[in-house]
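Trainee: I would like a close look at one part of this model, taken slowly and with the cut-offs spelled out. Please then set that part beside other places in the chain.

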Amino acid sequence: MIPSPAVFRDTDPRVQDFLQDKFQTLSDLDSLDSLLASVQEHQQQLRSQLNTAESSSASLRTRLSDHSNTLEAAVNSFNARQAHIDRCLPGIASDEAAAAAAELYSIPIEKLRRLDVARAYVALLQEVQSLAATARQSVDAGDPEAALVPYTKLQTLSQGLKVRNDAAEGAAVHILEFVEKTAKGLWSDMKKGLSTDLEELLKKYQWPKEGLDFGAQEMEFKKAFEKLLVLQGPELEHKPENVVLIPLQVLVRPLALRFRFHFEGRRQTNRADKPEWFLSHITNLVTTYSRFMLDHIQPILSQSANPNINQRDAINEFITALLPELRRKINSLLPEITDQAQLLSHFIHELIKFDATMREDFGYAPYSAEPDMTPWKGMTYEVLVVENGFDGWLHVEKEFALARYESIITADDAWEIDYDSVDPADSKPTKSAMRLKDLLETITETYRPLISFSQRLRFLMDIQIAILDQYHDRLSDSIEAFRVLSSTLASYVQGSSKQELESLSGLRGLERLCRVYGSSMYLEDAMRDWNDDIFFLELWEDLTTRSTTTPTTTPLTSDTALFDETATSYSRLRARTETIITDLLTTTLTTDLRAYLRISHWSSTSTSTADTITPELETPLATLSSFSAFLSRALARRVVKRILVAVVAKVEAMVYAGVVVKQQFSVQGGRQLKRDLEEVWRVVGMVLGEEEGGREGKMKGVVRLLTMEVGELRGVVEAVMKGGEEAGRCVESLGLGEGLEVREVREVVGRRVDAW
């Protein structure tokens with residue numbers, strides 16, 4: 001029978017739940033034994049687990065207790081040590097204690113540091129020696145390309161060590177010196193070994209014999225040459241310009257020995273006054289071996305895989321290899337000739353010619369990785385700029401030029417007019433002007449090859465323009481002296497000598513003025529021609545460009561030229577001189593015409609014909625004739641025309657004012673005046689041409705009125721006296737409109753005694 005619930009009232013609810021779950025019916029009691037056995041077994045398991053848990057709990061409590069004790073001991077120990085440190089710290093922190101500690105440990109620490117440094121040094125030395133040995137083995141095996149690998153590493157090591165040494169303020173200077181010395185020695189050994197191979201091969205074929213041919217050994221020569229190029233590859237990669245190819249150094253070596261043999265020491269060929277000898281020797285070497293360079297060296301260079309080699313020109317590289325020897329010779333020569341003006345000037349002139357030969361005959365231009373770089377500046381540039389020789393040379397050239405200028409203007413024939421050296425139709429210069437032009441053109445050729453703008457400009461300004469200014473001032477002073485003395489003469493001021501007075505009048509005075517005019521014109525024309533010279537055009541273009549890019553300078557206009565300012569000053573001087581020439585002729589003729597202007601027989605009614613000129617006109621005509629003849633010989637026709645037209649106009653004006661409007665004229669007197677004026681026109685016409693001598697003008701109309709028959713004359717008188725349009729038509733009908741106004745016609749006919 002199932003117990004009632006009241007039986008289990010005080011039992012654990014979980015037990016109640018278990019029993020109710022297991023014994024829901026009476027039949028469930030049959031499994032009581034098995035259930036009881038199962039429960040007992042489970043109870044035993046639980047009891048066993050409980051025992052195990054109790055045992056573990058006891059052990060854990062023991063460990064926790066031990067750990068707690070350990071932590072407590074550690075805390076106590078820490079506190080004790082902290083207390084000890086706190087007690088000791090003030091004493092330890094004192095200077096004496098720190099110094100004592102440092103002294104105690106400094107020696108072993110320094111030993112350890114030195115040991116580390118020594119160990120690093122030994123490792124570095126071993127690496128350096130290993131790299132050098134590997135490179136030498138590769139060179140000995142004929143493989144310079146393989147040798148470059150350890151050599152490059154050695155160079156990199158050296159550069160890195162240098163940087164670290166600089167950062168350490170020279171602490172590793174000795175090891176750095178060793179590494180650098182090793183690298184340099186390795187390079188020298190590799191270069192020497194491969195150079196020796198090429199040199200022995202060249203000796204075998206008797207280089208530098210002209211027309212050398214390697215025949216079947218051409219390939220052997222090529223390999224020996226190429227090995228040196230391969231060795232030099234890294235250098236060319238780093239610095240491709242201004243480098244002599246190593247195999248070319250080998251080729252040039254015996255040529256350099258010959259050069260030194262001839263141009264060093266006490267040999268007769270070594271002369272400071274003959275720089276052209278050693279310069280021409282270099283030129284001859286290039287000429288002699290150009291064919292060898294083209295046939296044997298150029299193919300090797302062109303076939304190289306290195307772009308810094310295959311673009312090179314063999315002849316250019318040969319010249320580049322020769323220049324160091326020439327440079328060494330020049331550097332030894334300069335101190336000897338610097339203080340000797342003649343030798344220095346000659347040397348620079350010859351060096352300029354040498355540079356020109358290299359550029360023009362051989363097309364020399366050093367190799368450049370940049371094709372648009374500035375062309376070769378020349379050995380002259382090195383002497384004048386690099387060695388600071390330009391100022392000294394310019395001073396020498398200026399002194400020579402000024403000395404030559406002085407000799408030109410002080411020569412006995414300096415101021416003689418040269419009638420034969422220019423075109424007959426041009427104005428004739430003096431011999432000094434012609435020689436001066438030659439001097440200036442010689443100076444131009446001296447500095448034309450220079451490539452420096454500033455050097456060219458200084459030659460132009462310091463020498464050429466300076467000389468032109470001096471010559472201009474001398475001519476100008478001559479004109480001014482002529483003007484002042486002429487004024488003194490005119491005012492009868494005392495003090496001038498007879499010779500001075502004679503030099504200011506007549507043909508002597510005219511010649512003096514023509515010297516100035518012809519010289520001014522000649523040099524002015526020369527400067528206009530120089531303006532069109534490509535050399536001076538480029539110089540002017542550079543000058544204008546720099547003036548526009550320099551803020552402190554006034555920009556130059558593009559429509560002017562280099563010599564315009566100086567040429568203009570000569571032009572003004574020429575114009576002044578022309579005016580004075582005209583004044584001289586006019587003044588002289590005015591004096592000679594005084595007697596003619598005092599004649600009073602113009603109203604004579606004599607029936608004699610006017611076949612001859614008035615005697616009082618003979619002297620003025622002689623003067624005009626001689627002056628005109630001299631002018632036509634000394635000056636250009638267009639200039640003579642301007643002067644004579646002005647002079648004749650002045651003579652006509654004097655005749656009109658002094659004779660026509662002051663005297664009474666008969667027909668016969670008018671005919672005499674016409675005859676006299678026609679002679680004046682004829683003299684001028686002989687110089688200028690008949691068309692110029694017979695020109696229409698005022699006096700043509702005057703003599704027509706003065707020679708007009710009475711009947712015709714009275715009609716003219718009647719018309720002009722009426723005035724108005726009728727007078728104008730009368731004047732026009734007679735063809736007098738160009739030269740005479742109605743008023744003047746009325747004035748002229750009023751001088752006719754038979755007009756009323």
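Mentor: What follows is a close look at the packing of two helices, then a walk through other parts of the chain.

Before we start, this is a predicted model, in which local features need pLDDT of at least 70 and side-chain atom pairs count only at pLDDT 80 or more, while totals for chains, interfaces and linings use all residues. Residues are numbered from 1 along each chain as its sequence is written, and side-chain values use heavy atoms, with hydrogens and water left out.

The chain as a whole has 28 helices and zero strands. Both kinds of element are DSSP runs numbered from the N terminus: H or I over at least four residues for helices, E over at least two for strands.

Our main stop is the pair formed by helix 6 (residues 218–238) and helix 7 (residues 246–263), which pack at an angle of about 130° with axes 7 Å apart. Each axis is a line fitted to C-alpha atoms, for helices over the stretch in contact, and the angle runs from 0 to 180 degrees between N-to-C directions. Helix 6 and helix 7 are therefore oblique to each other: under 35 degrees counts as roughly parallel, over 145 as roughly antiparallel, 65 to 115 as roughly perpendicular, and the rest as oblique.

Which residues of helix 6 and helix 7 meet? From helix 6 come F225, L228, L229 and Q232, and from helix 7 come I246, P247, L248, V250 and L251. By class, this contact of helix 6 with helix 7 has eight nonpolar residues, one polar and no charged ones. Here nonpolar covers Ala, Val, Leu, Ile, Met, Phe, Trp, Tyr, Cys and Pro, charged covers Asp, Glu, Lys and Arg, and the others, Gly among them, are polar.

The loops beside this pair deserve a glance too. P208 sits in the loop between helix 5 (173–204) and helix 6, and the peptide bond from W207 to P208 is cis, with omega near 15°. In the loop between helix 6 and helix 7 you will find N242, a residue other than glycine with a positive phi, near 55°. N242 is exposed, with a relative accessible area of 67%; exposed means over 50%, buried under 20% and partly exposed in between, with a 1.4 Å probe and protein chains only.

N388, in the loop between helix 12 and helix 13, is another non-glycine residue with a positive phi near 55°. N388 counts as exposed, at 65% relative accessibility.

Helix 11 (residues 341–360) shows many buried positions, among them L343, L344, F347, I348, L351 and F354, but also E350 and D355. These buried residues pack against helix 8 (275–302), helix 10 (314–337), helix 12 (378–386), helix 13 (390–409) and helix 14 (431–447), where contact means heavy atoms within 4.5 Å.

Further along, S520 in helix 17 (residues 506–531) counts as buried at 0% relative accessibility. Leaving out residues up to four places away in sequence, S520 touches L475, Y570, L573 and R574.

F563 lies in the loop between helix 18 (534–549) and helix 19 (564–592), yet F563 is buried, with a relative accessible area of 1%. Its neighbours, again leaving out residues up to four places away in sequence, include L460, I465, W530 and F536. L460 is 103 residues from F563 along the chain, and their C-alpha atoms are separated by 10.0 Å.

Finally, helix 26 (residues 710–722) has 13 residues that should span 18 Å at 1.5 Å a residue, and its end C-alpha atoms are 18 Å apart, which agrees. That expected span is 1.5 Å times one less than the number of residues. L713, V716, V717, A719 and V720 are buried in helix 26, and what covers them includes helix 25 (698–706), helix 27 (724–733) and helix 28 (742–749). After helix 26 comes G723, whose phi is positive, near 75°.

Stepping back, buried residues make up 40% of the 756 residues in the chain. Of the contacts between residues at least 6 apart in sequence, 73% join residues at least 24 apart.
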